[in-house]
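Me: Please take a close look at one part of this model, the surroundings of the ligand, and follow the chain outward from there. I would like one connected account with the cut-offs stated.

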Amino acid sequence: MDYEKTLNIFLIGERSVGKSSIVLAYTKKEFDESLHTTVGIYFKSIIMDFCDYKVKICLWDTSGQDRYKDMTSNFYRNMHGAILVYDTSRPETLAKLKERADDIQQYSTKKNMVCFVVGNKIDKERAVPKKDGLAFAQKHNMLFAECSAKTNEGIKFVFEELLWNVRCFLFKYG
Ligand code: GDP
């Protein structure tokens, strides 16, 4: 595979926020096996095509992983795009994303990195107002959307907007 033309997109968030379901809703494909077997760090990945690029979508469950911080810094360096997922029915999952946003700011070396904050499960009773997710995204200079992997609402928009932005940044900054 031509790695120059691979876009690394990560879905990051706490357990059960719906990361796998979001990717499944978009690609209609289940994840394959673990990509990394490093202690405590759990990855799954899937490859798809977008325009003239291969897109490697990795799923990173960050629950209880704060103690592996040193090991994880490298992963941030290789990202082209990240979807930071929280569950709109569980406010603590948005609070946890602050640490991930700080990590991205600290470790990412790419000028062209694009981040999307995504509130999933909007079909359920809401516990996080939309404006809170939006304020978080704006504060960290990230894109924002809400979606439901269950009903498919908003899913296509998230991936297409993200990939399009990543591609534009690559043209601009190389
Ligand atoms: P992950 O651990 O972040 O990958 O989360 P999963 O994709 O495994 O989803 C965790 C649970 O939430 C599963 O039972 C899913 O069926 C459910 N789920 C995921 N997305 C949605 C959604 O948009 N709405 C509802 N109601 N449930 C969802």
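The reply below begins with the basis of the model, then turns to the ligand and moves on to the parts around it.

Reply: This is a predicted model, in which local features need pLDDT of at least 70 and side-chain atom pairs count only at pLDDT 80 or more, while totals for chains, interfaces and linings use all residues. Residues are numbered from 1 along each chain as its sequence is written, and side-chain values use heavy atoms, with hydrogens and water left out.

The ligand is surrounded by 15 residues, and the closest of them are S16, K19, S20, S21 and D123; a residue belongs to this set if one of its heavy atoms lies within 4 Å of the ligand. By residue class, the shell holds two nonpolar, six polar and seven charged members, where Ala, Val, Leu, Ile, Met, Phe, Trp, Tyr, Cys and Pro count as nonpolar, Asp, Glu, Lys and Arg as charged, and the others, Gly among them, as polar. Helix α1, residues 19-27, supplies the largest share of the shell, with three residues; helices (H or I, at least four residues) and strands (E, at least two) are DSSP runs numbered from the N terminus.

Oxygen atoms of the ligand pair with polar atoms of the protein at several places. One ligand oxygen is 3.3 Å from a polar backbone atom of V17, one is 3.0 Å from a polar backbone atom of G18, and a polar side-chain atom of K121 also lies 3.0 Å from a ligand oxygen. These pairs fall under the term polar contact, that is, N or O atoms within 3.5 Å. On its own the ligand has 580 Å² of accessible area, and the protein covers 69% of it, as calculated by the Shrake-Rupley method with a 1.4 Å probe.

K121 sits in the loop between β5 and α4 (130-139), and its phi is positive, about 75 degrees, although K121 is not a glycine. Most residues other than glycine have a negative phi. K28, which follows α1, likewise has a positive phi, near 60 degrees.

The loop that leads from β1 to α1 contains R15. Not counting residues up to four places away in sequence, R15 touches D61, S63 and R90, contact here meaning heavy atoms within 4.5 Å. R15 also lies 9.5 Å from Y86, C-alpha to C-alpha, with their positions 71 residues apart in sequence.

Within α1 itself, K19, I22, V23, A25 and T27 are buried, which means under 20% relative accessible area, as against exposed at over 50% and partly exposed in between, with a 1.4 Å probe and protein chains only. K19, one of the residues closest to the ligand, is 9.0 Å from I83 between C-alpha atoms, although 64 residues separate the two in sequence. I83 belongs to strand β4 and is buried, at 1% relative accessible area. Leaving aside neighbours within four places in sequence, I83 is in contact with F10, L11, I12, F116, V118, V158, F159 and L162. On the same basis, I22 of α1 is in contact with L11, V85, N120, C147, A149, I155 and F159.

I22 and I83 are also among the residues that touch the most other members of the largest nonpolar core, together with L11, V55, I57 and F159, in a set of 28 residues. Such a core is a set of buried Ala, Val, Leu, Ile, Met, Phe, Trp, Tyr and Cys residues joined through side-chain atoms within 4.5 Å. Two or more of its residues come from each of β1 (6-13), α1, β2 (43-50), β3 (53-61), β4 (81-87), β5 (114-120), β6 (143-147) and α5 (155-173), and α5 gives the most, with seven. A second, separate core has 24 residues, including I12, F43, W60 and M142.

As for the frame that carries these parts, the protein chain has five helices and six strands, arranged along the sequence as β-α-β-β-α-β-α-β-α-β-α. Of its 174 residues, 52% count as buried. Among the contacts in the chain with a separation of 6 or more, 73% join residues 24 or more positions apart. The accessible surface of the chain comes to about 8900 Å², with 50% belonging to carbon and sulfur atoms.

Note on methods: Polar contact = N/O pair within 3.5 Å; in protein donor to acceptor, adjacent residues only side chain to side chain.
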